[in-house]
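Please look at the model below and consider how its interior is arranged. Keep the sequence beside the structure while reading.

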Amino acid sequence: MKKTAVFIGLLVLLIHTSCQTKKEEKKEQTAFLVTNPIKKDTIITKDYVSQIHSIKHIEIRALEKGYLKQIFVDEGQHVKTGQAMFQIMPNIYQAELQKAKAESKTAEIELKNTKLLADGNVVSPNELALANANYDKAIAEVALAQTHLGFTKINAPFDGIMDHLEAREGSLLDEGELLTTLSDNSKMWVYFNVPEAEYLDYIMSADKNVKKEVALLLANNKRFNQKGIVETIEGEFNNETGNIAFRATFPNPDGILRHGETGSVLMNVPFKDVIIIPQKATFEILDKTYVFVIGKDHVVRQREITIGAELPHLYIISKGLTEKDTILLEGIRMVKNNEKILTKFLEPNKVLSELDLYAE
């Protein structure tokens, strides 16, 4: 019985030792995929939060005091240049015009009589000049009264879309009171803020005089169906944010965009001769990013890198790697720093081709 127990114990020990040996052999025989960073030209798409403005957006205000007699348009309506929008009660201004016209006729008669007397040397030339000045003044009063009467009818200054009505029929209006706003949405100005470093890259580039084409991502995460052109850059930086405003102009033939919308401007930024690696080859410790670099002795060594920009599945490396380095591509969690491993090399172009990305 005692011999049997010893035999079973030895058997278990042999099996355990055999399994442990197989595991160690298996670990030693595992070949980890490695590759080189690749150096090439590429393009990344940067997005900037933007504000969308109509190319023309104005307030329509009452130019005269009085009761709002009639509204000819409705909220959200498309109006044409010269189309009647509001009518302020014109009675008082019509009466003032009639009075001015009567006074002008009186001045005209006085001028004619004075001229006859002047021709007969009955009155002095100064009296004739005075009569002539009174007539000119009366004519000016007629023009002024006509202008005030014309201000009682408010017409659209350009083609556009009406906004909210701020007054209703019968309201007593003061001079300058807001009635509504009008927007010309045939083209849209889209403003977006660019950091100082990116502004300098843009303004110092070889193609700085070529108007840059941009896209617009709307709030529903869909791209606007028209391309925009960066046309102007504002004159000053914002000292608080360190940004400067760019303005892109987008055609809006279908009237999709409205004044006050938000979105994201998408701008392609070229990078020349940059180091690119797959994102999956990196790992983070606290706020720093690392890769495992494999030396000629097949020993894994941890190295810190600096990420310059991000592409789908890729990082552009600004510091820490060259195209001659060999980095661990897979099995990052299975190795330790300063551990010697067996490797299998994979060409960088083949690595890129297997990723879902855009690079050129």
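The following paragraphs treat one helix, then the nonpolar cores, and finally a cavity.

The model is predicted. A suitable starting point is helix α3, which comprises residues 125–150. At 1.5 Å a residue, its 26 residues should span 38 Å, and because the C-alpha atoms at its ends are 38 Å apart, the expected and the modelled values agree. Within α3, the residues Ala131, Ala138, Val142, Ala145 and Leu149 are buried. The partners of the buried residues of this helix are α2 (91–119) and β6 (153–155), against which they pack.

The nonpolar interior comes next. The largest nonpolar core has 20 residues, and those touching the most other members are Phe192, Val214, Leu216, Val230, Phe246, Phe250 and Leu257. At least two residues of this core come from each of β2 (38–61), β9 (178–195), α4 (196–203), β10 (213–218), β12 (243–251) and β13. Leaving aside residues up to four places away in sequence, Phe192 touches several residues, among them Tyr48, Val230, Phe246 and Met267. There is also a second, separate core of 18 residues, including Ala62, Ala156, Leu165 and Leu179.

Where is empty space left? Rolling a probe the size of a water molecule over the atoms shows this. A search of the whole structure finds one cavity of 30 Å³ or more, and the volume of the largest cavity is about 30 Å³. Its lining consists of Thr35, Asn36, Ile38, Ile276, Ile277, Pro278, Pro348, Val351 and Leu352. The elements that give two or more residues to this lining are β13 (262–278) and α5 (348–353). By class, the lining has seven nonpolar, two polar and no charged residues.

Note on methods: Residues numbered from 1 in each chain as written. Predicted model: local features only at pLDDT ≥ 70, side-chain atom pairs only at ≥ 80, totals over all residues. Heavy atoms only, no water. 1 Å grid on protein atoms, 1.4 Å probe; cavity = no way out; pocket = protein on both sides within 12 Å on 5 of 7 lines; lining within 4 Å. Points joined across faces, edges and corners; volume = space filled by probe spheres on them. Helix = DSSP H or I, 4+ residues; strand = E, 2+ residues; numbered from the N terminus. Nonpolar A, V, L, I, M, F, W, Y, C, P; charged D, E, K, R; others polar. Core = buried A, V, L, I, M, F, W, Y, C linked by side-chain atoms within 4.5 Å. Buried < 20%, exposed > 50% of the residue type's maximum accessible area, 1.4 Å probe, protein only. Contact = heavy atoms within 4.5 Å. Expected span 1.5 Å × (residues − 1).
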